[in-house]
Amino acid sequence: MTELLRHPNKLRRVVEELDAIIGDQNIVEEFHLPRLLYLEAVVKETLRIHPPAPLLMPHTPSETIVVAGYTIPKNSNILFNVWAIQRDTQFWEDPLQFEPERFLNVIEKKNYKGNSFDFFPFGSGRRICVGISMAERIMMLVLATLLHCFEWELPNGRKPDVKEQLRLVLSKVEPLLVVPIARSSNSMQYQ
Ligand code: HEM
């Protein structure tokens with residue numbers, strides 16, 4: 001929401017997509033989600049710049065192993081800095097720029113399965129997040145519903161702020177404060 005409010009042209013594109021696919025007489029339902037490709041790109045771009053688990057979960061090898069010439073002793077604590085990898089200029093052009101369009105042509109390839117090592121917000125391999133399908137649906141459904149039913153304004157000319165605290169879980173320094181304005185002509189949608 002914060003990134004979209006900072007980028008009104010991207011927000012407009014999401015809302016146009018929602019209006020085209022859902023229309024103003026219906027509520028967002030799960031079966032709509034696979035057709036909301038721009039929204040999917042927005043969610044992916046958000047998870048790229050602001051991965052909720054910036055260091056994934058700690059991993060511990062049960063045996064000493066050698067990976068790419070590096071010896072990793074048994075029982076060491078390994079953290080993957082996915083936050084830094086997903087902002088690395090080696091893999092991403094203008095990595096700090098919120099640009100959902102970068103996912104549009106590679107939406108299948110850049111998935112959540114952890115098979116591309118420049119984008120893996122849910123981890124990778126045997127211990128990959130087991131809640132991916134649920135998380136993906138909930139994020140899409142909540143965001144689509146909020147943006148389809150309401151316009152959002154910042155109170156008193158405030159500016160949306162994306163400053164974040166980098167801990168085990170990434171969180172915003174300032175919570176987002178926004179005012180909803182009903183945009184649907186169908187009052188049934190608000191019951
Ligand atoms: C945006 C939402 C979520 C994100 C970004 C996320 C991210 C992650 C990450 C990065 C890991 C560690 C993977 C690794 O170390 O390679 C993980 C593990 C896990 N996640 Fe999630 N997760 C999310 C939502 C959920 C939900 C909704 C559930 C449950 C319904 C869930 C259940 C789990 C479980 C059980 C593990 C441990 C898996 C294991 O160790 O085998 N997660 N998640």
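# A walk through the structure, starting at helix α6

Let us begin with helix α6, which covers residues 132-149. At 1.5 Å a residue, its 18 residues should span 26 Å, and the end C-alpha atoms are indeed 26 Å apart, so the expected span and the model agree. Keep in mind as you look around that this is a predicted model.

Which residues of α6 are buried? They are M140, L143, A144, L147 and H148. These residues cover an arc of only 125° around the axis, which means that they sit on the same side of α6. Turn to the other side of the helix and you will find M134, I138 and V142, which are exposed. What do the buried residues of α6 pack against? Their partners are α2, made of residues 8-21, and α3, made of residues 37-49.

Now let us step back to see the whole protein. Its secondary structure consists of 6 helices and 6 strands. Following the sequence, you meet them in the order α-α-α-β-β-α-α-α-β-β-β-β. The C-alpha atoms fill a box of roughly 65 × 35 × 30 Å along the principal axes. The protein has 191 residues, of which 19% count as buried. Among contacts with a separation of 6 or more, 65% are between residues 24 or more positions apart.

Next, come back to the stretch that precedes α6. C129 lies in the loop between α5 (101-104) and α6. UniProt, in an unreviewed entry, places the feature "binding site" at this residue, C129. Is C129 buried, exposed or partly exposed? It has 18 other C-beta atoms within 10 Å; a residue needs 20 or more to be buried and 12 or fewer to be exposed, so C129 counts as partly exposed. Leaving aside neighbours within four places in sequence, C129 is in contact with F122 and G123.

C129 also appears in the surroundings of the ligand. How many residues surround the ligand? There are 15, and the closest are A53, G123, C129, G131 and A135. By character, the residues of this shell divide into 11 nonpolar, 3 polar and 1 charged.

Our last stop is the part of the chain around strands β1 and β2. T71 is found in strand β2, which runs over residues 70-72. With 9 other C-beta atoms within 10 Å, T71 is exposed. Not counting residues up to four places away in sequence, T71 touches T64 and V66. To get a feeling for distances in the model, look from T71 to D24: these two residues are 47 residues apart along the chain, and their C-alpha atoms are separated by 58 Å.

Two loop residues in this region deserve a look at their backbone angles. Most residues other than glycine have a negative phi. A68, although it is not a glycine, has a positive phi of about 50°. A68 lies in the loop between β1 (65-67) and β2, and is exposed, with 4 other C-beta atoms within 10 Å. N75 also has a positive phi without being a glycine, with a value near 65°. You can find N75 in the loop between β2 and α4 (82-85). Why does N75 count as exposed? It has 10 other C-beta atoms within 10 Å, and 12 or fewer makes a residue exposed.

How values were computed. Residues are numbered from 1 along each chain as its sequence is written. This is a predicted model: local features need pLDDT of at least 70, side-chain atom pairs count only at pLDDT 80 or more; totals for chains, interfaces and linings use all residues. Helices (H or I, at least four residues) and strands (E, at least two) are DSSP runs, numbered from the N terminus. Two residues are in contact if their C-beta atoms, placed from the backbone, lie within 7 Å. The expected span of a helix is 1.5 Å times one less than its number of residues. The arc is that of the directions from the helix axis to the C-beta atoms. UniProt positions are given in the numbering used here, feature names are shortened, and annotations may be inferred rather than shown by experiment. A residue is near a molecule or strand if its C-beta atom, placed from the backbone, lies within 6 Å of it. Ala, Val, Leu, Ile, Met, Phe, Trp, Tyr, Cys and Pro count as nonpolar, Asp, Glu, Lys and Arg as charged, and the others, Gly among them, as polar.
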